[in-house]
Amino acid sequence: MSESKAQAEEERAAFLRVAGRAKEAAAGLAPLPRATKDAALHAIADALLARADEIVKANEGDVARAREAGTSEYMIDRLSLSVERIEAIAAGVRQVAALPDPVGETVRGNVLPNGLELRQIRVPLGVVGIIYEGRPNVTVDAAALCLKSGNVAMLRGSSSAFDSNTALVGIMQETLRNTDVPADAIQLVPGTSRESVKHLMRARGLVDVLIPRGGASLINSVVEESTVPVIETGVGNCAVYVDAAADVDLAVDILVNSKTQRPSVCNSAETFLVHTDIADAFVPRALEALRAKGVTVHGDDRIRSYGEDVVTATEDDWYAEYLSLDIAARVVDTLEDAVTHIRTYGSGHTEAIVTTSQPAAKRFVALVDSAAVMVNASTRFTDGEEFGFGAEIGISTQKLHARGPMGLPELTSTKYVVVGEGHLKGA
């Protein structure tokens with residue numbers, strides 16, 4: 001056997017051992033009461049704070065390697081951890097602990113005409129695999145949400161964050177050993193090769209569902225190659241539409257916040273569309289405000305007529321999730337034209353309309369087919385914590401089971417409980 005083949009076999013064997021432990025842990029985790037899970041979450045938060053310096057040191061190695069590899073500063077920002085960020089992560093874990101436990105909740109129930117009592121209740125999904133890119137905060141967010149909802153987390157982060165993720169998972173597992181929650185309830189997929197990702201994607205029977213978080217290439221790869229069912233979290237090509245009836249000052253503020261408050265995240269705006277009737281009043285103000293924040297505008301011919309520094313937009317720009325200080329821009333003749341642009345190029349994540357017209361707002365909401373639609377508000381509010389769900393596992397852009405920010409209820413399935421008194425089925 002060649003050395004490479006032997007290594008591949010060893011990686012697969014290591015994965016199967018981890019997945020087997022995860023499956024076993026899922027059976028022990030599912031029936032645990034809320035108090036047990038919450039105590040474990042608070043213990044994890046305490047441990048993260050107590051060992052923050054250790055986590056930061058591990059992260060420094062990941063960041064140094066990323067810089068050596070020429071990674072953009074926006075991606076390094078997503079990768080980086082500090083004591084302050086760890087404090088925020090720990091606070092997020094406590095927020096999850098404070099949320100209601102969805103497991104066992106009755107979705108619906110009634111007594112059937114034959115006297116049978118029927119209840120549909122929430123139950124854990126089981127083993128949830130999460131594949132994500134260089135954001136080590138996701139490691140803790142995902143683990144906390146899975147634990148609270150009675151699921152085992154199988155985590156496969158980016159190789160660029162391997163040291164950070166290893167430290168975080170190690171601390172969480174050590175903490176669980178001193179609780180009544182199985183330590184194997186949080187697992188890191190072994191290995192950093194692409195094959196280790198494929199092992200997770202093809203672990204049907206061991207892993208119950210996969211959730212990819214990252215760019216389009218990652219998500220498409222997981223959706224197309226997995227044999228495990230996938231909940232698709234989409235990329236964020238979000239648009240802000242400035243209607244003919246918009247308040248210009250408000251529109252500028254919302255656009256700038258949507259684009260620049262944190263450009264490297266999926267709910268930042270990547271496109272703005274402006275109605276032709278308000279373009280003369282809005283576009284020069286918008287370009288000036290965006291320019292002051294260092295944003296490069298990629299515009300159509302009408303946008304370019306308002307500023308010499310506007311870059312000519314290409315077809316690729318309309319599809320782009322920049323995750324940087326870039327934005328595409330177009331003047332449209334009607335609200336319907338804005339909707340057509342969004343339906344053609346958008347990712348179904350979040351769109352915003354700025355308008356003082358209630359009919360325009362209602363029509364935009366009715367026509368736009370995205371997971372979230374904002375009326376006179378920044379796209380940056382599409383977030384589990386902002387929606388009051390606590391940390392989110394991702395923002396789903398699909399239409400099955402879960403759509404939008406995925407909190408605890410979206411990490412459950414249901415089962416029916418039927419109670420009778422010796423009921424027998426007749427002919």
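## Cavities, sheets and a buried strand

Asn237, Ala239, Thr271, Trp318, His341, Ile342, Tyr345 and Gly346 line the second largest cavity. Keep in mind that this is a predicted model. Below, we start with the enclosed spaces, then look at two sheets, and finish with a glycine after strand E16.

**The second largest cavity**

- This cavity has a volume of about 40 Å³.
- Which helix gives the largest share of its lining? That's helix H14, covering residues 335-345, which supplies three residues.
- Sort the lining of the second largest cavity by class and you get four nonpolar residues, four polar ones and no charged ones.

**The largest cavity**

- How many cavities of 30 Å³ or more turn up in a search of the whole structure? There are two.
- The largest cavity holds about 50 Å³ of space.
- Its lining is made up of Arg156, Gly157, Ser158, Phe162, Asn165, Leu188, Val189 and Gly191.
- By class, that lining splits into three nonpolar, four polar and one charged residues.

**The four-stranded parallel sheet**

- Four strands, in the order E5-E4-E3-E6, make up an open sheet with parallel pairing.
- At the edges sit strand E5 (186-188) and strand E6 (209-213), and each of them pairs on one side only.
- On average, neighbouring strands in this sheet are turned by 20° against each other, if you ignore direction.
- Five bridges link strand E3 (residues 127-132) with strand E4 (residues 152-156), and the two pair in the parallel sense.
- To find these two strands side by side, look for Gly129, which stands opposite Met154 in E4.
- Ile131 has a bridge partner in E4 too, namely Arg156, and Arg156 also helps to line the largest cavity.
- Helix H7 (residues 162-176) packs on this sheet and touches E3, E4 and E5. The direction of H7 makes about 150° with that of E5.

**Strand E3, inside and out**

- Is E3 mostly enclosed or open? Six of the six residues of E3 are buried, so the strand is largely enclosed by the rest of the structure.
- Here's a handy rule: in a regular strand, side chains alternate between the two faces of the sheet.
- In E3, both faces are covered. Val127, Gly129 and Ile131 are buried on one side, while Val128, Ile130 and Tyr132 are buried on the other.

**The three-stranded antiparallel sheet**

- Another open sheet has three strands in the order E1-E2-E16, and here the pairing is antiparallel.
- Its edge strands are E1 (106-111) and E16 (412-419), each pairing on one side only.
- Neighbouring strands of this three-stranded sheet are turned by 20° against each other on average, again with direction ignored.
- Strand E2 (residues 117-124) runs antiparallel to E16, and eight bridges join the two.
- Which residue of E16 is the bridge partner of Arg119? That would be Val417.
- As a general point, strands of a sheet pair through backbone hydrogen bonds, in either a parallel or an antiparallel way.

**A glycine after E16**

- Gly422 lies in the segment that follows E16.
- Is Gly422 buried or exposed? With a relative accessible area of 66%, Gly422 is exposed, because exposed means over 50%.
- Gly422 and Leu116 are 306 residues apart along the chain, and their C-alpha atoms are separated by 9.7 Å.

Notes:
Residues are numbered from 1 along each chain as its sequence is written. This is a predicted model: local features need pLDDT of at least 70, side-chain atom pairs count only at pLDDT 80 or more; totals for chains, interfaces and linings use all residues. Side-chain values use heavy atoms; hydrogens and water are left out. Two strands pair if DSSP finds at least two bridges between them. Axes are lines fitted to C-alpha atoms, for helices over the stretch in contact, and angles run from 0 to 180 degrees between N-to-C directions. Contact means heavy atoms within 4.5 Å. On a 1 Å grid over the protein atoms alone, a cavity is a set of points where a 1.4 Å probe fits but cannot get out, and a pocket is an open set with protein on both sides within 12 Å along at least five of seven lines; lining residues have an atom within 4 Å of a point. Grid points are joined across faces, edges and corners, and a volume is the space filled by probe spheres set on the points. Ala, Val, Leu, Ile, Met, Phe, Trp, Tyr, Cys and Pro count as nonpolar, Asp, Glu, Lys and Arg as charged, and the others, Gly among them, as polar. Buried means under 20% relative accessible area, exposed over 50%, partly exposed in between (1.4 Å probe, protein chains only).
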